[in-house]
Amino acid sequence: MDCVFCKIAAGEIPCKKVYEDDRILAFCDLEPQAPVHILLIPKKHIASAAEITPENSAVVAHIYEVAAQLAKENKLDGGFRIVCNAGADGGQSVQHLHFHLLGGRSMKWPPG
């Protein structure tokens, strides 16, 4: 499989890790859109949110738990945003389920 996030999770491509355990990896985005911009990915390949099932959904809850922890560690007390794009029309550019933790500035709605 030629998935860049699978390669990052496997250690084949370097990243600036901020969290890792046996199920997920969190690392700094290469093109940050906010002062804090962390990507959280499951290590096991799931193509998008459209492929979340009862069998693999526990990893999503774990990602949100870690996102809350990372928000605290990064002092995002005023708030933060978690984004998950799904499919081409949803703006998903890498076909591996991932969540963006964004903070450190005021977030507008709609996002643009």
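**Note on the predicted model: strand β2, its partners and the cysteines**

1. Start with strand β2, residues 24-28. Four of its five residues are buried, so the strand is largely enclosed by the rest of the structure. Keep in mind that this is a predicted model.

2. β2 pairs with strand β1, residues 17-20. The two run antiparallel and are joined by three bridges. The connection from β1 to β2 is a hairpin through three residues. For a concrete register check, take K17: its bridge partner in β2 is F27.

3. β2 also pairs with strand β3, residues 36-42. This pairing is antiparallel too, over five bridges. Here F27 stands opposite L39 of β3. F27 is thus a handy reference point, with K17 as its bridge partner and L39 opposite it in β3. As background, side chains in a regular strand alternate between the two faces of the sheet.

4. Now the cysteines. How many disulfides does the count give? The count comes to zero. C3 is in no disulfide: the nearest cysteine sulfur belongs to C6 and lies 3.7 Å away. The cut-off for a disulfide is a sulfur pair within 2.5 Å. C3 is buried, at a relative accessible area of 6%.

5. C28 is in no disulfide either. Its nearest cysteine sulfur is that of C15, 8.5 Å away. Is C28 buried or partly exposed? With 25% relative accessibility, C28 counts as partly exposed. The buried class ends at under 20%.

6. On the chain as a whole, the secondary structure comes to two helices and five strands. From the N terminus, the order of elements is α-β-β-β-α-β-β. The radius of gyration is 14 Å, close to the 13 Å from the globule rule for 112 residues, so the chain is as compact as a globular protein of that length. Along the principal axes, the C-alpha atoms fill a box of roughly 40 × 30 × 25 Å.

7. Next, packing and surface. Of the 112 residues in the chain, 38% are buried. Among contacts with a separation of 6 or more, 54% are between residues 24 or more positions apart. The exposed area of the chain is about 6700 Å². Carbon and sulfur atoms supply 54% of that area.

8. To recap: β2 is largely enclosed, since four of its five residues are buried. It pairs antiparallel with β1 over three bridges and with β3 over five. The disulfide count is zero.

Technical notes: Residues are numbered from 1 along each chain as its sequence is written. This is a predicted model: local features need pLDDT of at least 70, side-chain atom pairs count only at pLDDT 80 or more; totals for chains, interfaces and linings use all residues. Side-chain values use heavy atoms; hydrogens and water are left out. Buried means under 20% relative accessible area, exposed over 50%, partly exposed in between (1.4 Å probe, protein chains only). Two strands pair if DSSP finds at least two bridges between them. The radius of gyration is taken over C-alpha atoms; the globule rule is 2.2 Å times the number of residues to the power 0.38. Contact means heavy atoms within 4.5 Å. Accessible areas come from the Shrake-Rupley method with a 1.4 Å probe; for residues, only the protein chains shown count as cover.
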